[in-house]
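These are my notebook entries on charged pairs, a helix contact and a surface patch, kept in the order in which I looked them up.

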Amino acid sequence: MVTLGTRAMGLFLLGLIRLLTGAQARWHGCPPKAEQRIYFANHQSHADLVLIWAALPSELRSITRPIAAKDYWTASRFKRWITTGVFNAVYVERERKGDEDPLQPLIDALESGDSLIIFPEGTRGFDEEPQAFKSGLYNLALRFPDVVLVPAWIHNVQRVIPKGEVIPVPVLCSVTFGAPMHLEASEPRAEFLTRARQAVVELRDA
Amino acid sequence: MTSFLRGLTANQQVSLLFVLLFGFLTLATATLLVLSMRERIADAATPATRGLRLKDYQGLLRTSWLMALVFWLGWAAGGGVATALFAMVSFFTLREFISLSPTRRGDHRSLLLAFFVVLPLQYLLVWTERFDLFTVFIPVYVFLAIPTVGALGNDPQHFLARNAKLQWGIMVCVYGMSHVPALLLLNFPLQGGKSAFLVFFLVMVVQTAMLVQHIVSQYRGMAVAPAISASFNWYGWSAGVLAGGLLGAALAGITPFKPLPAMAMALVASASGSFGHLVMKAIKRDRGVTHWGSAGSSITGASGLLDRVDALCFAAPVFFHSVRWNFNV
């Protein structure tokens, strides 16, 4: 739902993020291309979502939907408005509730042709190294073999706004996009997830 | 010729200067364009080093264009706008500096203080011409405030190193840079309007000195500190400072100084700018990078803003102080 308000907010946020972080995109392994993709990245801060959104070129931004943790991003009316109106986010439950498949909203989005930005660690990590990837990425790759999987490393965001702080500090951030990868035929789940995590980690020093 | 120049008002003189400057830059750009086209045609025959050198000059020229535009804008729009422009330059350079100095979570409040309190206050002091406070605000008050906030962050690990880095960043990017617009506001009792030229004078002299040093040191001299800078040598340094000094003497007419003092001021500015550039190079080596700015942007050939203005950050406070000291303004 794009209204004048959300569009103005989008422009304002984009300007603010560029002023504070530069939000530079580094396309190392693939060009920015309008094909259906799943970008998967390391997760250190709630601002990750905002940064990777800002780093994408505007043509891709409109067809790419970030995943947002439902409990955090719908906690206030403002957050809900921003994630729905500006980021066009897909909400996921971090805790499994009942029988419902937590991946269902992602599957719906992919089926309607959108690209996704996901953080396969599930929760934010506080160590230098990302945590082990959860199996959601594997399940999506299995179900949508034609969607291109692009690893990404987000640099520095945790320095912009550490947990518990409200005001962001200006620090240059960038997102490095790596070479697309695919789920090999009959590749075991654990092996694929380790490989995917490795692809993300390798971008750190690229 | 000189009588014609003297007959013009201060404003007309500045306009003329800018016309000359932009004319020169256009000419240089056109020359480089032709050169780079010839380069492309004779690609196989020319050694790769020449291409690199050409790229070097293009970078320098881009900076010169940027600076000339900034100064023209600053002059055309008046002191307030110029001050705001330099405040923005400070902001971007401090951002680059902080990005490459690892900070910890406990530094968050100190960083907020630096960016959103110290920086605007320093430029506010410039704008309101409180020179007594402006020269001591950062070395005296902020020097205490930053580590105090840091200590309250309750993280002793690398405390001295972290705070020293932040202090340095503020000193170079905010304190040093803020002395450039401060020159605009110096009040020379007998020379109405001429302090507007001082910024131009300083930048021209320092930029020329850096350019001459850069070119001469490629052809002659032995690197003094090869681990820090492969190009810095005394031969190039002397040539650069001398060129800056001579240009200063030549520009004396647009400053409130007589030729000899103008040359002395220009020598001081060139020397300190050149040393400042070397110091910043040492910091970059320490951090293991070749330039400030986003990681990996070297691939596109662009470098950080701080790389371009570091000489000015060191030259400006020295120049500002020696001008005030020698002329009691």
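Before listing any pair, I fixed the criterion: I call it a salt bridge when a side-chain nitrogen of Lys or Arg lies within 4 Å of a carboxyl oxygen of Asp or Glu. I also noted that this is a predicted model. With that rule I counted 13 salt bridges over all chains.

Entry, chain A pairs. I looked up A:Glu35 and found that it forms a salt bridge with A:Arg37, the closest N and O atoms being 3.0 Å apart. I then checked how far each partner is covered: A:Glu35 is partly exposed at 25% relative accessibility, whereas A:Arg37 is buried at 1%. My next pair was A:Asp114 with A:Arg65, a salt bridge in which the closest N and O atoms are 3.6 Å apart. Because A:Asp114 sits in the loop between helix H6 (104–111) and strand E5 (115–118) of chain A, and A:Arg65 in strand E3 (residues 64–69) of chain A, this pair ties together parts that are 49 residues apart in sequence. I recorded both A:Asp114 and A:Arg65 as buried.

Entry, chain B pairs. I found B:Lys284 and B:Asp307 meeting through their side chains in a salt bridge, with 2.6 Å from N to O. B:Lys284 belongs to helix H10 (residues 259–287) of chain B and B:Asp307 to helix H11 (residues 305–327) of chain B, so the pair ties together parts that are 23 residues apart in sequence. For burial, I noted a relative accessible area of 4% for B:Lys284 and 12% for B:Asp307, and since buried means under 20%, I entered both as buried. I also traced one network, in which salt bridges that share partners join B:Arg104, B:Asp107, B:Asp155 and B:Arg162.

Entry, helix contact between chains. I looked at helix H1 (residues 4–21) of chain A and helix H4 (residues 79–99) of chain B, whose axes come within 9 Å and cross at roughly 65°. The contact is made by A:Arg18, A:Leu19, A:Leu20 and A:Thr21 of H1(A), together with B:Phe91, B:Phe92 and B:Arg95 of H4(B). Sorting the residues of this contact of H1(A) with H4(B), I found four nonpolar, one polar and two charged.

Entry, surface patch. I closed with a nonpolar patch on the surface formed by A:Val166, A:Ile167, B:Phe116, B:Val117, B:Leu121, B:Leu124 and B:Trp127, which together have about 670 Å² of accessible area. I placed B:Trp127 in helix H5 (residues 108–127) of chain B.

Notes: Residues numbered from 1 in each chain as written. Chains lettered and ligands numbered in written order. Predicted model: local features only at pLDDT ≥ 70, side-chain atom pairs only at ≥ 80, totals over all residues. Heavy atoms only, no water. Patch = residues over 30% accessible without salt bridge, like charges linked within 9 Å, V, L, I, M, F, W, Y side chains within 5 Å. Areas by Shrake-Rupley, 256 points an atom, 1.4 Å probe, with all protein chains shown as cover. Helix = DSSP H or I, 4+ residues; strand = E, 2+ residues; numbered from the N terminus. Buried < 20%, exposed > 50% of the residue type's maximum accessible area, 1.4 Å probe, protein only. Axes fitted to C-alpha atoms, helices over the stretch in contact; angles between N-to-C directions. Contact = heavy atoms within 4.5 Å. Nonpolar A, V, L, I, M, F, W, Y, C, P; charged D, E, K, R; others polar.
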